[in-house]
Amino acid sequence: MAPCFCCNKESTSHCARCKKVSYCSKECQTKDWPSHKKTCGKNENPIESIWYEGLDRNTIYKRIVDAYRMRVEDEYTFTGEVDEDSLYGGGNPSVGFGRFLKKAISKKVVPPDWNEEDTKACKKVSITDKKSNIKFAAEKSDMQDIYGFMGPMMLRMIGELV
């Protein structure tokens, strides 16, 4: 189960209506309800259609890379699961990221005008960027330094779409 949407602790339940958002407690679910009720039960996920609006391509690439990194980190931290083609699996992280990016493209999580050049450029960023690099762990505090307080949540939401 995904971490709590509010506090990022291990979740124990999810929204009974939409079953898309996880929570660790009734308190967190109640706290989030004023915001969640705007999208609860609707087919469209607002993060899906807006996360890349107004961003230049290089920033989009970095966010995709960091969404993947957060997902790998969360799977390792919260479930103990390790993809053999990830930082923690000892294999080639480029292979694991390639699968993630392919899914992101097939699920239309990327901008609608995404093309092969974007795929190549995103893969290049994933191994050459000093901060958004699949060879390094993605700590929550690092993501907050880069993207602000809500950055890790935004990245997790992007990752959940994939």
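**View 1. Asn115 caps the N-terminal end of helix α5.** A side-chain oxygen of Asn115 sits 2.9 Å from the backbone nitrogen of Glu117. Helices here are DSSP runs (H or I, at least four residues), numbered from the N terminus. A word on what you are looking at: this is a predicted model, in which local features need pLDDT of at least 70 and side-chain atom pairs count only at pLDDT 80 or more, while totals for chains, interfaces and linings use all residues. Residues are numbered from 1 along each chain as its sequence is written, and side-chain values use heavy atoms, with hydrogens and water left out.

**View 2. Helix α5 runs over residues 116-128.** Its 13 residues should span 18 Å at 1.5 Å a residue (the expected span is 1.5 Å times one less than the number of residues). The end C-alpha atoms of α5 are 18 Å apart, which agrees. The buried residues of α5 (buried means under 20% relative accessible area, exposed over 50%, partly exposed in between, with a 1.4 Å probe and protein chains only) are Asp118, Thr119, Cys122, Val125 and Ser126. Seen down the axis of α5, these buried residues fall within an arc of 125 degrees, so they line one face of the helix; the arc is that of the directions from the helix axis to the C-beta atoms. An α-helix has 3.6 residues a turn, so residues three or four places apart point the same way. On the face turned away from the buried side of α5 are the exposed residues Glu116, Glu117 and Lys124. Cover for the buried residues of α5 includes α3 (57-79) and α4 (93-106), where contact means heavy atoms within 4.5 Å.

**View 3. Tyr68 and Phe97 form an edge-to-face aromatic pair.** Rings of Phe, Tyr and Trp (its six-membered ring) pair if their centres lie within 6.5 Å; planes under 30 degrees apart count as stacked, over 60 as edge-to-face and the rest as tilted. For Tyr68 and Phe97, the distance is 5.4 Å centre to centre, with 70 degrees between the planes. Tyr68 lies in helix α3 and Phe97 in helix α4, so the pair ties together parts that are 29 residues apart in sequence. Tyr68 is buried at 6% relative accessibility, and Phe97 is buried at 1%. Ring pairs also join Tyr68, Phe97 and Phe100 into a cluster.

**View 4. Lys108 lies in the loop between α4 and α5.** Phi of Lys108 is near 60 degrees, a positive value in a residue other than glycine. With 62% relative accessibility, Lys108 counts as exposed.

Technical notes:
Helices (H or I, at least four residues) and strands (E, at least two) are DSSP runs, numbered from the N terminus. A polar contact is a pair of N or O atoms within 3.5 Å; within protein, one must be able to donate a hydrogen and the other to accept it, and residues adjacent in sequence count only if both atoms are side-chain atoms.
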